[in-house]
Amino acid sequence: MDIVHDLRTQSPKAQQQALEQYGGYVWAQVTRLVSGLEDAEEVYQDVFIKVFKKIELYDSQKASLKTWIARIAYNESVTFLRRKRQAMVYFEDRHGEAEALSDAEVDETLGHANEETIQLIRAAIKYLPPEEQAIITMFYYDEMSLKDIAFATESIPSTIASKLSRIRKKLCKIIKMLQS
C-alpha cells in the first residue's frame with residue numbers, strides 16, 4: 001500500500017495508518033513545545049488535519065513523509081505558541097556571553113548523559129524561545145539530520161548548524177544559572 005497515494009484519495013484506512021505510524025512521533029514533538037494537555041491535543045489534531053488536507057503538496061523528492069509531517073508539526077506548534085503568547089520570559093544572552101563559552105566547556109556541561117544532566121537540560125530548554133526549543137529537540141530527541149531540520153524549519157543546513165551551536169551555548173549558560 002502506497003500511503004501517500006492513498007492519503008491523496010482521502011482513504012480513511014490510510015489516514016488511520018498515518019496516525020498509527022506517525023502519531024507518536026508528532027505527539028512527542030508537539031508536547032516538547034506545547035505545555036498543557038488540552039493545548040497539545042489541539043495542536044496534534046491541527047497537525048493531522050493539515051497533513052490530510054495538504055497531502056497534495058507533499059513532494060517525496062524534497063523530504064521523507066516523516067520529515068514533511070515534522071515540518072507541519074513544527075509550524076503548528078510555533079504558530080500556536082506565538083498566538084497564545086502569554087507572559088513568558090525566555091533567557092536572552094546579554095553581550096554575547098554565551099558566545100564566549102568554548103565548545104569544550106559546552107561539551108563538558110552537556111556531554112555527560114547522567115540523570116542529573118538530562119534533568120537540567122530538560123529544565124533549561126523551557127527557558128528557550130519556541131523556535132530554539134524546536135531545533136534543539138529535533139536534533140537531540142528526534143535525532144533528525146541538519147538537512148531534515150532545515151527542511152522542517154524552512155532554513156538551510158549551515159544555518160541550522162550555526163543556530164545549534166548558539167543554542168547549545170545558551171543551554172550551557174542556563175544550566176550554570178540553574179545550578180547556582
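A residue counts as buried when its relative accessible area is under 20%. Keep that cut-off in mind as we tour the aromatic rings of this predicted model. There are five aromatic pairs to find here, and we'll look at two of them, then at a cluster and a couple of charges.

**Phe48 and Phe52**
- The ring centres of Phe48 and Phe52 sit 6.0 Å apart with their planes at 45°, so this pair is called tilted.
- Both residues belong to helix 3 (residues 37-54), and because they are four residues apart there, about one helical turn separates them.
- Are these two buried or exposed? Phe48 is buried, and Phe52 is buried too.

**Phe139 and Tyr140**
- Here the ring planes meet at 90° and the centres are 5.0 Å apart, so Phe139 and Tyr140 make an edge-to-face pair.
- Phe139 has a relative accessible area of 30%, so it's partly exposed.
- Tyr140 comes out at 40% relative accessibility, so Tyr140 is partly exposed as well.

**A cluster of rings**
- Which residues join Phe48 and Phe52 in one aromatic cluster? They are Trp27 and Tyr44.

**Charges over rings**
- Look for Lys66 over the face of Tyr25, where it lies 4.5 Å from the ring centre.
- Arg71 does something similar with Phe151: it lies over the face of that ring, 4.2 Å from the centre.

Technical notes
Residues are numbered from 1 along each chain as its sequence is written. This is a predicted model: local features need pLDDT of at least 70, side-chain atom pairs count only at pLDDT 80 or more; totals for chains, interfaces and linings use all residues. Side-chain values use heavy atoms; hydrogens and water are left out. Rings of Phe, Tyr and Trp (its six-membered ring) pair if their centres lie within 6.5 Å; planes under 30 degrees apart count as stacked, over 60 as edge-to-face and the rest as tilted. Helices (H or I, at least four residues) and strands (E, at least two) are DSSP runs, numbered from the N terminus. Buried means under 20% relative accessible area, exposed over 50%, partly exposed in between (1.4 Å probe, protein chains only). A charge sits over a ring if NZ of Lys or CZ of Arg is within 6 Å of the ring centre and within 35 degrees of the ring normal.
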